[in-house]
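User: Hi! I would like to walk through this fold with you, one question at a time. Could you keep the answers short and show your reasoning?

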Amino acid sequence: NGIIVQSPFDSEENIDSDLIVNTVNPNKDVDGLHHVNAGKVLHGQTEDAFIPCTPKGSLELIKSTQVPIAGKNAVVLGRSKLVGSPMATLLKFNDATVTICHSKTQNLSNICKTADILVVAIGKPRYVKRDWIKPGSIVIDCGINSIQENGKNRICGDVDFEEASKVAGFITPVPGKLNY
């Protein structure tokens with residue numbers, strides 16, 4: 001019923017991922033990466049487009065807090081096609097004022113501190129620290145990283161959950177703190 005193109009590709013050859021993704025029928029592109037679906041999301045035409053599941057689920061989590069999104073300052077840390085960019089667009093069309101940041105953004109911690117809503121998908125373990133978080137804010141951590149800790153592999157997010165949870169009003173933990 002649907003197709004997901006797993007990337008990055010495990011190949012020694014240089015493969016054009018956009019070409020592959022855009023070969024998929026947009027009506028079966030459940031990741032929402034085909035240029036037709038991405039374009040519809042970019043233009044706010046979400047009723048008949050596939051929206052990438054992580055941003056869509058993150059928006060539902062934000063709405064579940066019952067904190068109005070309209071007028072809030074939202075910061076999205078990460079600009080990927082799968083999470084960051086569509087997340088920023090969804091927040092924008094829910095009337096938030098959105099700032100998109102990335103690893104090269106200057107004064108990143110200061111920008112994050114202004115966020116009523118902070119969505120993090122930068123791919124760096126425990127990158128966002130407690131002092132980056134505005135007290136009472138909504139923090140959505142989309143990162144899943146495997147790290148070595150005390151001789152074991154562990155899963156952690158892009159946000160230092162233990163510290164950030166002391167100041168955030170709402171925060172998502174990384175599921176299943178695995179020890180393996």
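User: How many bridges join β1 to β3?

Analyst: Happy to help, and please keep in mind that this is a predicted model. β1 and β3 run parallel. One point of reference along the pair is Ala-74, which stands opposite Ile-117 in β3. The number of bridges that join β1 to β3 is 4.

User: In what order do the 5 strands of the open sheet lie?

Analyst: Let's build the order from the pairs. β1 is joined to β3, and β3 is joined in turn to β4 by 4 bridges, again parallel. β4 (residues 138-141) then pairs with β7 in the parallel sense over 2 bridges. With β2 included, the order is β2-β1-β3-β4-β7.

User: Which strands stand at the edges, each with a single partner strand?

Analyst: The sheet is open, with the order β2-β1-β3-β4-β7. A strand with a single partner has one side left without a neighbour in the sheet, so we look at the two ends of the order. These are β2 (97-101) and β7 (170-171).

User: What is the bridge partner of Val-139 in β7?

Analyst: Val-139 has a partner in β3 as well, since the bridge between Leu-118 and Val-139 links β3 to β4. Turning to the pairing of β4 with β7, which has 2 bridges, the partner of Val-139 is Ile-171.

User: Which strands does helix α3 touch where it packs on the sheet?

Analyst: α3 covers residues 53-64, and its direction makes about 155° with that of β4. What covers the buried residues of α3 includes α4, β3 and β4. On the sheet, α3 touches β3 (117-120) and β4.

User: Why do the buried residues of α3 lie on the same side of the helix?

Analyst: The residues in question are Pro-55, Ser-58, Leu-59 and Ile-62. An α-helix has 3.6 residues a turn, so residues three or four places apart point the same way. On the other side of α3, Cys-53 and Ser-64 are exposed. The buried residues are on the same side because they cover an arc of only 100° around the axis.

User: How many of the 9 residues of α4 are buried?

Analyst: α4 (residues 84-92) packs on the sheet and touches β1 (73-77), β2 and β3. Its buried residues pack against α2 (35-42) and α3 as well as those strands. Among the buried residues are Gly-84, Met-87 and Leu-91. The helix is mostly covered, and the number buried is 7.

User: Are the residues Ile-117, Leu-118, Val-119 and Val-120 of β3 buried or exposed?

Analyst: Ile-117 and Val-119 point one way from β3, while Leu-118 and Val-120 point the other way. Helices α3 and α4 both touch β3. Whichever way they point, all four are buried.

User: In the hairpin of β5 and β6, which residue takes a positive phi?

Analyst: β5 (residues 145-149) and β6 (residues 152-156) pair in the antiparallel sense over 5 bridges. In one of these pairings, Gln-148 has Asn-153 as its bridge partner in β6. The hairpin has 2 residues between the strands, and the one with a positive phi, near 55°, is Asn-150.

User: Is Asp-95 buried or exposed?

Analyst: Asp-95 is found in the loop between α4 and β2. Its phi is positive, near 70°. The relative accessible area of Asp-95 is 54%, and exposed means over 50%, so Asp-95 is exposed.

User: What kind of aromatic pair do Tyr-127 and Trp-132 form?

Analyst: Tyr-127 is partly exposed at 23% relative accessible area, whereas Trp-132 is buried at 13%. Their ring centres are 5.4 Å apart, with 75° between the planes. Planes over 60 degrees apart count as edge-to-face, so the pair is edge-to-face.

User: What is the relative accessible area of Ser-137?

Analyst: Ser-137 is found in the loop between β3 and β4. Beyond its sequence neighbours, Ser-137 touches Ala-115, Asp-116, Ala-168, Gly-169 and Phe-170. Ser-137 is buried, with a relative accessible area of 3%.

Methods. Residues are numbered from 1 along each chain as its sequence is written. This is a predicted model: local features need pLDDT of at least 70, side-chain atom pairs count only at pLDDT 80 or more; totals for chains, interfaces and linings use all residues. Side-chain values use heavy atoms; hydrogens and water are left out. Two strands pair if DSSP finds at least two bridges between them. Contact means heavy atoms within 4.5 Å. Axes are lines fitted to C-alpha atoms, for helices over the stretch in contact, and angles run from 0 to 180 degrees between N-to-C directions. Rings of Phe, Tyr and Trp (its six-membered ring) pair if their centres lie within 6.5 Å; planes under 30 degrees apart count as stacked, over 60 as edge-to-face and the rest as tilted. Buried means under 20% relative accessible area, exposed over 50%, partly exposed in between (1.4 Å probe, protein chains only). The arc is that of the directions from the helix axis to the C-beta atoms.
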